[in-house]
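The following paragraphs walk through a single-chain model, from its overall contact pattern to individual side chains. Please keep the sequence and the coordinates at hand while reading.

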Amino acid sequence: MSQSTAVPGAEVQVPTIPVREIAPWALFFGLLGLLTLFFISADQGAISIPSGNAIHEWVHDGRHLLGYPCH
Ligand SMILES: [Zn+2]
């Protein structure tokens, strides 16, 4: 038998985080997401930050999983 640790009548305090503290992190992860999306979707070798198609080959299964046209 498990014993409940909840105390009847106790309130849970949910911390509030100001938007000013979250905004830089949201921007950072947003840009990181866009960069990831670029490497998965747009990096074809012809439009590529590093030359060659090594990144295209690394994310090839991800391209097909997300439905991007490939070959
Ligand atoms: Zn493919």
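Of the contacts in the chain between residues at least 6 apart in sequence, 15% join residues at least 24 apart. The model is predicted, and every value here is computed from it. The chain has three helices and zero strands, so read along the sequence the pattern is α-α-α, with helices numbered from the N terminus. Buried residues make up 11% of the 71 residues in the chain. The chain exposes about 6300 Å², and carbon and sulfur atoms supply 67% of that area.

Which residues make the nonpolar surface patch? Trp25, Phe28, Phe29, Leu32, Leu35 and Ile49 form it, with an area of about 660 Å². One of these residues, Leu32, is found in helix α1, which covers residues 19-42. Leu32 has a relative accessibility of 39% and therefore counts as partly exposed, since that class lies between 20% and 50%. A patch residue needs over 30% relative accessible area, and the 39% of Leu32 satisfies that condition.

The aromatic residues can be taken next. A search of the whole structure finds four aromatic pairs. One of them joins Trp25 and Phe29, whose ring centres are 6.2 Å apart with 25° between the planes, and this pair is stacked. Why are Trp25 and Phe29 separated by about one helical turn? The reason is that they are four residues apart in helix α1. Both Trp25 and Phe29 are exposed. Another pair is formed by Phe38 and Phe39: the ring centres are 5.5 Å apart and the planes meet at 65°, so the pair is edge-to-face. The angle decides this label because planes over 60 degrees apart count as edge-to-face, while those under 30 degrees apart count as stacked. Trp25 and Phe29 also belong, with Phe28, to one aromatic cluster, and these three residues are among those that make the nonpolar patch.

Phe38 itself is placed in helix α1. Its relative accessibility is 22%, so Phe38 counts as partly exposed. Phe39 is partly exposed too, with a relative accessible area of 21%. Both values can be set against the cut-off for burial, which is under 20%. Along the chain, Phe38 and Ile49 are 11 residues apart, and their C-alpha atoms are separated by 9.9 Å. Ile49 is one of the residues of the nonpolar patch.

The remaining points concern helix α3, which spans residues 60-66. Is Arg63, a residue of this helix, buried or exposed? Arg63 has a relative accessibility of 0% and therefore counts as buried. A polar atom of the Arg63 side chain lies 2.8 Å from the backbone oxygen of Ile40. Ile40 falls within residues 19-42, the range of helix α1, so this pair of atoms links helix α1 with helix α3.

His60 also lies in helix α3. The side chains of His60 and His64 are joined by a polar contact of 3.0 Å. What does His60 touch when its neighbours within four places in sequence are left aside? His60 is then in contact with Cys70 and His71.

Conventions
Residues numbered from 1 in each chain as written. Predicted model: local features only at pLDDT ≥ 70, side-chain atom pairs only at ≥ 80, totals over all residues. Heavy atoms only, no water. Patch = residues over 30% accessible without salt bridge, like charges linked within 9 Å, V, L, I, M, F, W, Y side chains within 5 Å. Areas by Shrake-Rupley, 256 points an atom, 1.4 Å probe, with all protein chains shown as cover. Salt bridge = Lys/Arg side-chain N within 4 Å of Asp/Glu carboxyl O. Helix = DSSP H or I, 4+ residues; strand = E, 2+ residues; numbered from the N terminus. Buried < 20%, exposed > 50% of the residue type's maximum accessible area, 1.4 Å probe, protein only. Polar contact = N/O pair within 3.5 Å; in protein donor to acceptor, adjacent residues only side chain to side chain. Contact = heavy atoms within 4.5 Å. Phe/Tyr/Trp six-rings, centres within 6.5 Å; stacked < 30°, edge-to-face > 60°.
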